Amino acid sequence: MDSRASVSPQAAAAPAAAVEATADLPESLGYRVKKRLLGKPLVTEELAHEKLSNPVALGVLASDCISSSAYGSEAMLVQMVPVIGLAAFAMLMPVTAVVLCVLTLLTLSYREVVMVYTRAGGSYVVARENFGPRVAQIAAVALLIDYIVTVAVQTAAGTVALLSLVHLLGGNHYNWVDNYQLPISVFIVLLLCWGNLRGIREAGRAFAAPAYLFMAAMGLLLGVAALRLIFGDLPKANVHANGAFALGTHGNNSALLMGATIGLLLKAFANGGTSLTGLEAISNGVSAFRNPQGPNARKTLVTMSVTLGTLVLGVSTLAYLTHAIPFTSGSPSVLSQEANLVFGSNWYGQAALVFLQLATALILYTGANTSFNGFPFLASFVAEDSFLPRQLTRRGHRLAFSSGILTLTGVSLVLLIVTNAQLDHLLGLYAIGVFTGFFMAGIGLVKHFWDRPEEPRRAMKIAINGAAAALSAVVVGIFAVTKFSEGAWVVVVVFPIGVWALIRVNRRYREEAEALATAPADTTNPKYRRQVMYILVDRVDLAALKAIRYARSLRPAEIRAVHFMIDNLEAEKLAAQWSNAEVGDLPLEIVQCPDRRITRALLELITRNTADQKSQITLLIPERNYSPILGRLLHRRTADHIARAVGKLPNVVATIVPFDVVEAHEELEEATSSGAKLSKLDG
């Protein structure tokens with residue numbers, strides 16, 4: 001190894017000790033607050049320990065997918081009940097069967113994704129490896145949009161579950177709680193953000209339990225319902241309840257029913273397709289699994305799909321048997337009505353209802369956490385390919401992708417506020433993104449296996465993934481058409497703009513890289529004979545004196561202190577202060593600047609003095625650092641602007657010399673306080 005680029009064994013051996021060794025250095029207020037909120041920082045070497053076991057991964061990564069069973073069946077009924085009335089409950093079962101067939105086919109496809117592409121990234125990685133990075137941005141935009149909408153949908157649905165419980169227990173006297181739909185949803189998003197900023201392991205342990213509570217509660221519901229059905233006392237809901245959707249009349253006439261069936265079933269299927277939106281989460285989080293990552297991810301994927309299919313079928317079957325009808329306000333939900341009917345009105349039945357609804361709210365809220373795991377990972381992969389800002393590749397205080405988490409939080413909060421956290425408005429934005437991702441994954445695997453004739457069971461794998469891709473493309477078309485006026489138009493418009501923006505970012509990164517690599521500088525032979533330093537002086541203080549000391553420590557051929565005069569009186573005061581300052585024999589040059597264009601005057605001065613092409617100019621700019629918030633309001637920050645302007649000249653280097661005013665003030669106060677105490681003791 002080249003010794004000039006080597007790393008000492010001592011430096012590489014104990015990074016944790018290096019962190020501890022700096023514990024005595026003073027920390028900023030912002031860092032102390034961050035440490036209190038998020039915990040002690042983790043070093044990079046601890047990343048290997050921040051992995052998820054299969055049970056924890058199922059709870060964390062599968063929550064979005066499993067929790068969608070709480071509203072998927074209801075979403076189908078919302079489309080059918082107002083049109084065909086009671087016939088909707090009969091039509092619900094075949095539509096559910098089609099949704100489960102799609103689930104089965106996509107599960108078979110993604111079993112191959114997590115085995116072939118063990119690095120997290122899902123359909124994005126599949127598309128990039130098989131079609132190149134530019135085509136892969138279609139999958140990237142699709143998944144990023146889906147993750148954002150998922151956070152909004154899951155939190156809104158979780159709040160509906162809580163409000164449903166209040167309605168069922170308190171009746172119409174508690175209709176005022178609907179006003180808290182948005183505040184509660186916003187609070188939950190902020191809570192999820194905080195939990196994920198603390199790190200993967202903490203987020204996993206905290207967010208895995210609700211998934212198992214929900215599965216236990218649903219198992220209790222379906223078990224009790226099966227017993228009551230066997231004994232013949234399973235009750236039915238009042239389909240004419242106040243606030244419920246009015247029953248349509250097309251279902252009473254077979255001819256009208258046949259005429260409405262095709263379009264209606266497509267809309268119902270599109271709504272039901274939202275039940276499958278979390279299926280890709282495991283493939284996007286493979287790297288969060290313990291080794292061997294591929295087999296562990298496959299096992300968890302199959303378990304998740306079987307669980308989801310069972311719950312969706314169970315909720316739809318109960319809706320068919322009990323006629324639990326959706327309400328126009330969304331509360332009480334179909335699932336909560338089923339639980340109220342099945343468990344009964346006695347105290348233990350109501351206790352079971354409370355348990356189910358709280359578990360439902362928890363898993364829906366933690367289902368949003370799936371996006372907090374997937375979005376930052378995916379954004380980091382896209383940023384590594386230079387299609388997103390590279391800040392998204394950096395791990396934060398607790399080894400989480402903090403920039404990605406904060407970005408997801410901000411955009412999802414905007415979406416909640418714009419829609420007032422209304423679930424029916426949010427569902428119109430759902431599913432297009434994720435089914436586009438399913439399509440990219442399926443068609444990418446078809447190409448992967450097509451290029452490998454030696455692959456075992458190659459023909460079957462091509463057939464399965466080709467069918468999954470074709471079916472996903474059909475679903476995207478159905479959703480775009482049937483949901484266009486209900487909000488899908490936003491995704492249809494934003495989608496191509498997003499792809500264009502990512503490609504434009506990549507083009508900018510490539511142009512910058514080419515510019516930096518075109519003419520490499522010769523670092524072995526100095527180009528200029530003389531080194532001249534200019535120090536910009538706008539006042540005589542410790543910041544300016546620090547810049548002078550720094551300039552003299554470098555021993556250049558010449559040092560020049562320059563002040564650009566805008567105000568005659570101020571220039572005279574500055575000259576007087578300079579003559580009394582301890583600056584040695586360094587004179588202060590005052591350059592007139594009548595048009596107040598200081599940057600322009602500086603460029604002209606430097607250009608005149610470097611016309612011989614024999615001098616290298618180093619411009620020292622004293623920069624006074626004040627408090628982060630108030631300092632920006634009270635003081636101008638022109639150092640960066642001047643440095644950028646001067647940096648365009650071929651033989652000029654600009655160096656900012658920082659001076660911490662806040663720290664200097666604290667030291668002065670401490671010295672004053674100590675002096676006062678000594679004077680008091682002497683007295």
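**Close-up views of a predicted model**

**View 1. Tyr110, Phe435 and Phe438 form one aromatic cluster.** The coordinates come from a predicted model. Across the structure, the count comes to 3 aromatic pairs. One of them joins Tyr110 and Phe438, with ring centres 5.5 Å apart. Their planes stand at 75°, above the 60 degrees required, so this pair is edge-to-face. Tyr110 belongs to helix 7 (residues 87-116), and Phe438 to helix 19 (residues 432-450). The pair therefore ties together parts that are 328 residues apart in sequence. Are these two rings buried or exposed? Tyr110 has 2% relative accessibility and counts as buried. Phe438 is buried as well, at 1%.

**View 2. Trp347 and Tyr348 make an edge-to-face aromatic pair.** The centre-to-centre distance is 5.5 Å. The planes meet at 85°. Trp347 is exposed, with a relative accessible area of 69%. Tyr348 is exposed too, at 52%.

**View 3. Two arginines lie over aromatic rings.** The charged end of Arg390 sits over the ring of Tyr509. Its distance from the ring centre is 3.9 Å. Arg458 lies over the face of Trp450, 5.5 Å from the ring centre.

**View 4. The largest nonpolar core holds 151 residues.** Which members touch the most others? They are Leu221, Met304 and Phe435. Helix 9 (residues 133-170) supplies the largest share of this core, 18 residues. Another core, of 20 residues, lies apart from it. Phe564, Leu602, Leu603 and Ala643 are among the members of that second core.

**View 5. Leu221 and its contacts beyond four places in sequence.** Leu221 is in contact with Leu318, Leu335, Glu338 and Ala339, among others. Val342, Phe343 and Leu356 also belong to this contact list.

**View 6. Five strands form an open, parallel sheet.** What is the strand order? It runs 3-2-1-4-5. Strand 3 (588-592) and strand 5 (652-660) are the edge strands, each pairing on one side only. Neighbouring strands are turned by 30° against each other on average, direction ignored. Strand 2 (residues 558-565) pairs with strand 3 in the parallel sense over 5 bridges. Phe564 stands opposite Val591 in strand 3.

**View 7. Helix 24 (residues 598-609) lies across the sheet strands.** The strands it crosses are strand 1 (530-536), strand 2, strand 3, strand 4 (615-625) and strand 5. Helix 24 runs at about 145° to strand 2.

Note on methods:
Residues are numbered from 1 along each chain as its sequence is written. This is a predicted model: local features need pLDDT of at least 70, side-chain atom pairs count only at pLDDT 80 or more; totals for chains, interfaces and linings use all residues. Side-chain values use heavy atoms; hydrogens and water are left out. A nonpolar core is a set of buried Ala, Val, Leu, Ile, Met, Phe, Trp, Tyr and Cys residues joined through side-chain atoms within 4.5 Å. Buried means under 20% relative accessible area, exposed over 50%, partly exposed in between (1.4 Å probe, protein chains only). Helices (H or I, at least four residues) and strands (E, at least two) are DSSP runs, numbered from the N terminus. Contact means heavy atoms within 4.5 Å. Rings of Phe, Tyr and Trp (its six-membered ring) pair if their centres lie within 6.5 Å; planes under 30 degrees apart count as stacked, over 60 as edge-to-face and the rest as tilted. A charge sits over a ring if NZ of Lys or CZ of Arg is within 6 Å of the ring centre and within 35 degrees of the ring normal. Two strands pair if DSSP finds at least two bridges between them. Axes are lines fitted to C-alpha atoms, for helices over the stretch in contact, and angles run from 0 to 180 degrees between N-to-C directions.
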